[in-house]
Amino acid sequence: MVPDSLLSQFLSIRQATHKGVRAPHKPLLLLYVLSRLWIEQKYRLFAYEEIKPKLTELLNRFYQSKKNHTTKDPFTRLLTDQVGWELKGIDDFQRIYASKLSETELIDRGVAGGFDHETMKVLLDCPNLILQLAHLLLTKNFPENYFSEICQELGFPDPLKDFISADDVVSTQGLDNRTNTTKRDPNFREKVLNAYRRKCAFCGSSIRLRDTLVDMEAAHIRWHCYDGPDTIPNGLALCSSHHKLFDWGAISLKRDSESYRIILAFTLNSSGPMESWLEQIRGTSLLLPHEQHHWPDPAFVEWHLDQVFEK
Ligand SMILES: [Zn+2]
């Protein structure tokens with residue numbers, strides 16, 4: 001397997017869903033395995049007994065859905081994704097039905113998973129490729145507001161993209177053509193900020209240094225990596241703190257007759273001055289653009305409420 005085809009295979013597992021619900025299980029599992037390879041720089045497989053608690057921890061931190069935290073399914077089903085994944089400790093017949101094995105069977109038989117020798121050799125020969133794959137998994141599955149926390153949790157350098165060597169053996173040109181990272185509308189931020197009169201749609205703040213607006217961002221309601229378009233009805237002008245809390249599912253919107261009401265997750269805790277700062281927006285109405293056709297599209301708001309908001 002050559003590096004470029006490995007990148008292509010990683011692209012093919014993007015946007016995993018389980019019954020229509022966002023499911024970052026495989027990407028998080030692969031990110032964990034890649035991080036161990038990056039740190040340890042040696043060939044090894046990962047016993048399911050090791051994967052289970054680690055992946056559970058990652059899902060608890062980076063996946064808001066409480067309904068589906070399976071660690072067995074991604075571990076066994078990566079076999080079908082052609083990313084060079086292999087399972088040891090089961091015979092060929094059992095491998096066909098690996099996803100049917102119970103967690104107890106996986107642990108009792110000491111089943112271990114990881115990249116096969118060929119893939120491993122490619123990765124260990126080119127550690128920079130490990131970083132490229134990790135960055136690809138991040139960009140295809142999470143908004144940028146997650147990157148730093150995930151990298152720090154796993155021990156990757158942060159910010160990851162600054163550590164990917166430009167003279168790597170794998171051409172990033174072909175990769176960029178196949179990812180949507182380069183398809184962004186460069187005017188998205190400006191259009192959204194103008195529609196919202198350059199104020200945070202949650203708190204109304206607008207901070208300027210002389211004439212320069214600082215700390216104001218354009219958020220995607222439906223994540224860009226999950227096909228959220230760069231359009232004003234999929235955008236919100238938010239201060240950076242509210243943008244992060246929105247991306248992390250701590251804040252969402254509920255349709256309320258003519259407007260949208262701001263809701264906060266029950267699990268959100270704060271102390272000190274931030275407590276009143278957070279509470280002041282609870283239950284208030286979103287500060288909408290003047291023009292009604294710029295208002296958030298209910299379908300995108302519904303997606304955020306269903307798939308990102310921590311309930
Ligand atoms: Zn704000």
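Helix axes that cross at an angle under 35 degrees count as roughly parallel. In this predicted model, the axes of helix α1 (residues 3–12) and helix α8 (residues 127–141) come within 10 Å and cross at roughly 20 degrees, and α1 and α8 are therefore roughly parallel to each other. The crossing in which α1 passes α8 is right-handed.

The residues through which these two helices meet are listed by helix below.

| Helix | Residues in the contact |
|---|---|
| α1 | Pro3, Leu7, Phe10 and Leu11 |
| α8 | Leu129, Gln132, Leu133, Leu136 and Leu137 |

Sorted by class, this contact of α1 with α8 has 8 nonpolar residues and 1 polar residue, with no charged residues.

On the scale of the whole protein chain, the domain assignment gives domain 1, which covers 3–182, and domain 2, which covers 188–307. The C-alpha centres of domain 1 and domain 2 lie 31 Å apart, and where the two domains touch, 11 residues of domain 1 are in contact with 11 residues of domain 2.

Which elements give two or more residues to the side of domain 1 that touches domain 2? They are strand β2 (21–22) and helix α8, and of the elements on that side α8 gives the most, with 3 residues. By class, the residues on the side of domain 1 that touches domain 2 divide into 3 nonpolar, 6 polar and 2 charged.

Helix α8 thus appears in both parts of this account, as it meets α1 through residues that include Leu133 and Leu136, and also gives 3 residues to the side of domain 1 that touches domain 2.

Conventions:
Residues are numbered from 1 along each chain as its sequence is written. This is a predicted model: local features need pLDDT of at least 70, side-chain atom pairs count only at pLDDT 80 or more; totals for chains, interfaces and linings use all residues. Axes are lines fitted to C-alpha atoms, for helices over the stretch in contact, and angles run from 0 to 180 degrees between N-to-C directions. Helices (H or I, at least four residues) and strands (E, at least two) are DSSP runs, numbered from the N terminus. Angles under 35 degrees count as roughly parallel, over 145 as roughly antiparallel, 65 to 115 as roughly perpendicular and the rest as oblique. A crossing is left-handed if the near helix is turned anticlockwise from the far one by less than a right angle, and right-handed if clockwise. Two residues are in contact if their C-beta atoms, placed from the backbone, lie within 7 Å. Ala, Val, Leu, Ile, Met, Phe, Trp, Tyr, Cys and Pro count as nonpolar, Asp, Glu, Lys and Arg as charged, and the others, Gly among them, as polar. Domain bounds come from an automatic or database domain assignment.
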